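Got your viewer open and a selection box ready? Here is a walk through one model, stop by stop, with what to pick at each.

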Amino acid sequence: MSLYMARRISKLPRRILAETAIELKLLSEKWQLLLAGVIFQYIHGLAARGVHYLHRPGPVLQDLGFMLLPELGKERGYVSEILFASIFASFVLWTFSPFIFKNKRFYTVLIWRRVLAFLVMSQSLRIITFYSTQLPGPNYHCREGSPLARLPPPDNAVEVLLLNFPRGTLYGCGDLIFSSHMIFTLVFVLTYQKYGSKSFIKVLGWIAAITQSLLIIASRKHYSVDVVVAWYTVNLVVFFIDKKLSEMPDRSIGSSTLLPITASKDKDGKTKEENLKLLNGNSLDSLDLRPRTQINGKNMENGNDNESGKDLSTA
């Protein structure tokens with residue numbers, strides 16, 4: 001192991017602790033909206049479970065995607081789920097990268113606050129559409145003759161509230177227009193497109209989204225219309241909500257929302273800057289307090305790149 005790597009690893013615990021302190025401070029201020037977004041994920045699952053009781057199997061509707069793409073079948077339907085799980089896991093790990101890597105471009109709490117806002121609005125529209133009209137499910141377990149196509153009336157409220165997890169989520173029927181998998185995929189790709197830094201990963205993300213769309217249709221989890229509607233609905237939702245939300249703040253010196261550094265003395269006669277240096281091993285690098293200004297959707301590492309010195313509003 002090189003000396004450079006050894007030094008980086010030795011600084012990692014301090015960096016994690018320093019970043020955790022910042023994120024906990026943000027979480028203490030923003031927890032209400034985050035909690036509401038997490039609770040809505042359960043509400044969305046409850047709505048999807050409820051529409052399964054209304055589902056009535058029937059002939060699979062004529063679909064252009066079904067004509068063009070051969071069916072993967074029960075034996076290969078898992079391919080779509082593997083790709084989705086990979087996209088989901090990769091995005092979650094990336095959002096926590098500020099705890100590990102020095103060049104932090106965003107705050108984990110704030111980016112999940114935005115992501116949950118996109119998800120909640122998209123899922124709300126989805127609930128409205130699949131309760132408006134129930135289509136016969138095209139998946140193998142939703143077709144006529146399958147014991148999973150219809151749900152008998154629940155014996156009690158607990159049966160509904162527990163969602164029969166995970167079986168109920170894997171073998172649901174009726175929640176078709178529009179695809180929930182594509183909601184998550186597109187929200188994740190669009191978020192990385194704006195806040196990510198690696199161009200090849202952005203391209204890879206869009207390729208994964210297109211591939212996910214085709215696999216969903218090929219596995220007959222959704223009709224083509226469910227995927228098409230997801231593409232333009234989620235993009236519009238993200239576009240309009242993103243314009244309404246205040247922009248992610250830069251991590252500049254003197255930020256009033258996080259850890260301001262001033263020349264004021266504490267009780268021990270040390271400046272706050274000196275204390276932060278001690279906290280991070282005689283270096284401010286682990287806190288990475290350089291400005292992270294966002295201009296035209298691109299993150300700038302140097303506060304001098306913020307033309308005309310305009311202040312960004314805090315999230």
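The tour goes from the whole chain to its core, its rings, its charged pairs and one patch of surface.

**Whole chain, cartoon view**

Keep in mind that this is a predicted model. Colour by secondary structure and you should find 11 helices and 2 strands. Run from the N terminus and the order is α-α-α-α-α-α-α-α-α-α-α-β-β, with the strands at the end. The protein chain has 315 residues, and 43% of them count as buried. Among contacts between residues at least 6 apart in sequence, 80% join residues at least 24 apart. Switch on a surface: the accessible area comes to about 17,200 Å², with 65% of that belonging to carbon and sulfur atoms.

**Into the core**

Now hide the surface and select Trp94, Ile111, Val115, Leu119, Val187, Phe188 and Val234. These have the most contacts inside the largest nonpolar core, a set of 44 residues. Helix 1, helix 4 (78-95), helix 5 (108-132), helix 8 (180-195), helix 9 (199-218) and helix 10 (224-244) each put at least two residues into this core. Helix 8 makes the largest contribution, with 10 residues.

Centre on Val187 next. Leaving out residues up to four places away in sequence, Val187 touches Val115, Phe118, Leu119, Val234 and Val238. Separate from that core is another one of 5 residues, among them Phe40, Ala47, Ile127 and Phe130.

While you are on helix 8, pick Thr185, which also sits there. Is Thr185 buried or exposed? Its relative accessibility is 0%, so Thr185 counts as buried. With residues up to four places away set aside, the contacts of Thr185 are Phe84, Ile87, Ala209 and Gln212.

**The rings**

Show the aromatic side chains: there are 16 aromatic pairs in the whole structure. Start with Phe88 and Phe188, whose ring centres are 5.4 Å apart and whose planes are at 70°, so this is an edge-to-face pair. Phe88 belongs to helix 4 and Phe188 to helix 8, so to speak two distant parts of the chain, 100 residues apart. The two rings differ in cover: Phe88 is partly exposed at 33% relative accessibility, whereas Phe188 is buried at 3%.Add Trp112, and you get a second edge-to-face pair with Phe188, with centres 6.5 Å apart and planes at 80°. Trp112 is in helix 5 and Phe188 in helix 8, 76 residues apart along the chain. Trp112 is buried too, with a relative accessible area of 17%. To see the wider group, select Phe84, Phe88, Phe91, Trp94, Phe106, Trp112, Phe184, Phe188 and Tyr192, a cluster linked by ring pairs.

**Charged pairs**

Which residues should you pick for salt bridges? The count for this model comes to 6.

- Glu29 and Lys25: the closest N and O atoms are 3.2 Å apart. Both residues lie in helix 1, 4 residues apart, or about one turn of the helix. Glu29 is partly exposed at 39% relative accessibility, and Lys25 is partly exposed at 30%.
- Glu71 and Arg143: here the closest N and O atoms are 3.0 Å apart. Glu71 is in the loop between helix 2 (64-68) and helix 3 (73-76), and Arg143 is in the loop between helix 5 and helix 6 (157-161), so the bridge ties together parts 72 residues apart in sequence. Glu71 is partly exposed at 35%, and Arg143 is partly exposed at 24%.
- Asp175 and Arg126: the N to O distance is 3.1 Å. Asp175 lies in the loop between helix 7 (167-170) and helix 8, while Arg126 is in helix 5, 49 residues apart. Both of these residues are buried.
- Arg114, Lys194 and Asp242: select these three together, since salt bridges link them in a network.

**Back out to the surface**

Bring the surface back and select Leu24, Leu27, Trp31, Leu35, Ile39, Tyr42, Ile43 and Leu161. Together they form a nonpolar patch with about 720 Å² of accessible area. Helix 1 (residues 3-52) gives the largest share of the patch, 7 residues. Click on Ile39 in helix 1: at 44% relative accessibility, Ile39 counts as partly exposed.

For a last stop, go to Ser132 in helix 5. Ser132 is exposed, with a relative accessible area of 54%. Draw a distance from Ser132 to Ile177: the C-alpha atoms are 9.5 Å apart, with the two positions 45 residues apart in sequence numbering.

How values were computed: Residues are numbered from 1 along each chain as its sequence is written. Side-chain values use heavy atoms; hydrogens and water are left out. Patches are made of residues with over 30% relative accessible area and no salt bridge: like charges are joined within 9 Å, nonpolar side chains (Val, Leu, Ile, Met, Phe, Trp, Tyr) within 5 Å. Accessible areas come from the Shrake-Rupley method with a 1.4 Å probe; for residues, only the protein chains shown count as cover. A salt bridge is a side-chain nitrogen of Lys or Arg within 4 Å of a carboxyl oxygen of Asp or Glu. Buried means under 20% relative accessible area, exposed over 50%, partly exposed in between (1.4 Å probe, protein chains only). A nonpolar core is a set of buried Ala, Val, Leu, Ile, Met, Phe, Trp, Tyr and Cys residues joined through side-chain atoms within 4.5 Å. Contact means heavy atoms within 4.5 Å. Rings of Phe, Tyr and Trp (its six-membered ring) pair if their centres lie within 6.5 Å; planes under 30 degrees apart count as stacked, over 60 as edge-to-face and the rest as tilted.
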